[in-house]
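Colleague: I am new to this structure and would like to go through it with you slowly, one question at a time. Could we begin once it is in front of us both?

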Amino acid sequence: MEQTRKLLLGLFTSIVTLSLLLMLAFATGVMCRGALAEETQLVFVAECVMELLTLLFGWFALRLFKWKKVHTELVEGGAIALQKWGVLRLTMLEIPLLLNVLCYGLFDVTAFFYLAVILLVCLVFVYPSAGRCISEIEP
């Protein structure tokens, strides 16, 4: 169980740290902020896609462990099932987070920043603490 928790915690912290470093790179000028701001059609498409991804993946990730099939597998499979489903849940929240931070830097549109904040709030509810990991695999 402890190995699974460490894996999930490592994934959690590494992607959040990478997102913060990416934000810092745009803020300090290491990466060119607003490089694609003039591409209005691309901005529109990226906004629509990222809004849908953020809302759908956020909802899906928060509800994933409540579904009967997943919950049954977690109870029966223990740490192995928790590792599989936990990585999926964190990936569904953190990949759009990275994409939103990248889009925020490239397009300089605040909507992407707010979408990233929404995903960060969702990540608070799936933080892989020891107590949460144990409670997820109990009946």
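Colleague: Does Arg5 count as buried or exposed?

Modeller: This is a predicted model, in which local features need pLDDT of at least 70 and side-chain atom pairs count only at pLDDT 80 or more, while totals for chains, interfaces and linings use all residues. Residues are numbered from 1 along each chain as its sequence is written, and side-chain values use heavy atoms, with hydrogens and water left out. Buried means under 20% relative accessible area, exposed over 50% and partly exposed in between, with a 1.4 Å probe and protein chains only. Because its relative accessibility is 17%, Arg5 counts as buried.

Colleague: Which residues does Arg5 touch, not counting those up to four places away in sequence?

Modeller: Contact here means heavy atoms within 4.5 Å. Leaving out residues up to four places away in sequence, Arg5 touches Pro128, Ser129, Ala130 and Cys133.

Colleague: Arg5 lies in helix 1, so what covers the buried residues of that helix?

Modeller: Helices (H or I, at least four residues) are DSSP runs, numbered from the N terminus, and helix 1 takes in residues 2–28. Its buried residues include Leu8, Phe12, Ile15 and Leu22. What covers them includes helix 4 (79–107), helix 5 (110–124) and helix 6 (130–136).

Colleague: How many residues of the largest nonpolar core come from helix 4?

Modeller: A nonpolar core is a set of buried Ala, Val, Leu, Ile, Met, Phe, Trp, Tyr and Cys residues joined through side-chain atoms within 4.5 Å. Of the 25 residues in the largest one, Phe65, Leu74, Leu82, Trp85, Leu93 and Leu123 touch the most other members. Helix 1, helix 3 (68–77), helix 4 and helix 5 each supply at least two residues of this core, and the largest share, from helix 4, is eight residues.

Colleague: Which residues are included in the second, separate core?

Modeller: In general, nonpolar side chains in soluble globular proteins tend to be buried together. The second core, separate from the largest, has 10 residues, and among them are Val43, Ala46, Cys103 and Ala111.

Colleague: How many disulfides does the structure hold, and why is the sulfur of Cys103 not in a bond?

Modeller: A disulfide is a pair of cysteine sulfur atoms within 2.5 Å, and the structure holds zero of them. Cys32 is in no disulfide, the nearest cysteine sulfur, that of Cys103, being 15 Å away. Cys103 itself is buried, with a relative accessible area of 12%. The sulfur of Cys103 is too far for a bond because the closest cysteine sulfur, in Cys48, is at 12 Å.
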